[in-house]
Amino acid sequence: QVQLVESGGGLVQAGGSLRLSCAAAGRTFGNYRMGWFRQAPGKEREFVAAISWSGSVTYYADSVKGRFTIARDNAKNTMNLQMISLKPEDTAVYYCAASPDSLCSGYGCYSVAERYDYWGQGTQVTVSA
């Protein structure tokens, strides 16, 4: 089992940057694939980015491609999401998620919230115009 805690959210102006972190407690963090999702008020939770257990494979939603970068450090049990060129439409609560499901492969699986077993409590990101 993995416990996840996000940090790094805040208020930033459009065009600015933020770096979200997800700290994981658990002995087998390196065996889990990880992802970031977000949920804006009145909207459904949506996929943002995901990374394989080794960090060698990453996936991004089209809306953030080229602006967000996902990375992980298995030695430190952490995953990060570097966000640049932020837009007001990036405003949401951002959640990190994890799953040990080794059968999941490809964007069609990594991007599905239901394929993740563990979730953090979320961190608010607000981008002002």
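Are Cys 104 and Cys 109 buried or exposed? Keep that question in mind while you load this predicted model; the tour comes back to it at the last stop.

**Stop 1: strand 4**

Select residues 33–39, which make up strand 4. Of its 7 residues, 6 are buried, so the strand is largely enclosed by the rest of the structure. With a surface display switched on, try hiding the surroundings to get a clear view.

**Stop 2: the neighbours of strand 4**

Now add residues 92–99, or strand 9. Strands 4 and 9 run antiparallel, and 7 bridges join them. To find your place in this pairing, pick Phe 37: its bridge partner in strand 9 is Tyr 95.

Next, add residues 46–51, which form strand 5. This strand is also antiparallel to strand 4, with 5 bridges between the two. A handy marker here is Met 34, whose bridge partner in strand 5 is Ile 51.

Follow the chain from strand 4 into strand 5 and you trace a hairpin with 6 residues between the strands. Stop at Gly 42 and check its backbone: this glycine takes a positive phi near 80°.

**Stop 3: the disulfide of Cys 22 and Cys 96**

Show the cysteine side chains next. The model has 2 disulfides, and counting the bonded cysteines along the chain gives the pattern 1-2, 3-4.

Start with Cys 22 and Cys 96, whose sulfur atoms lie 2.1 Å apart. This disulfide links distant parts of the chain: Cys 22 belongs to strand 3 (residues 18–25) and Cys 96 to strand 9, with the two cysteines 74 residues apart. You already have strand 9 on screen, as the partner of strand 4. Measure the dihedral about the S-S bond and you should find 50°, a right-handed link.

How accessible are these two cysteines? Cys 22 has a relative accessible area of 0%, so it counts as buried. Cys 96 is likewise buried, with a relative accessible area of 0%.

**Stop 4: the disulfide of Cys 104 and Cys 109**

Finish by selecting Cys 104 and Cys 109. Their sulfur atoms are 1.8 Å apart, and the two cysteines form a disulfide. The angle about this S-S bond is -130°, which makes the link left-handed, whereas the link of Cys 22 and Cys 96 is right-handed.

That brings us back to the opening question: Cys 104 and Cys 109 are both buried.

Terms used:
Residues are numbered from 1 along each chain as its sequence is written. This is a predicted model: local features need pLDDT of at least 70, side-chain atom pairs count only at pLDDT 80 or more; totals for chains, interfaces and linings use all residues. Side-chain values use heavy atoms; hydrogens and water are left out. Buried means under 20% relative accessible area, exposed over 50%, partly exposed in between (1.4 Å probe, protein chains only). Helices (H or I, at least four residues) and strands (E, at least two) are DSSP runs, numbered from the N terminus. Two strands pair if DSSP finds at least two bridges between them. A disulfide is a pair of cysteine sulfur atoms within 2.5 Å.
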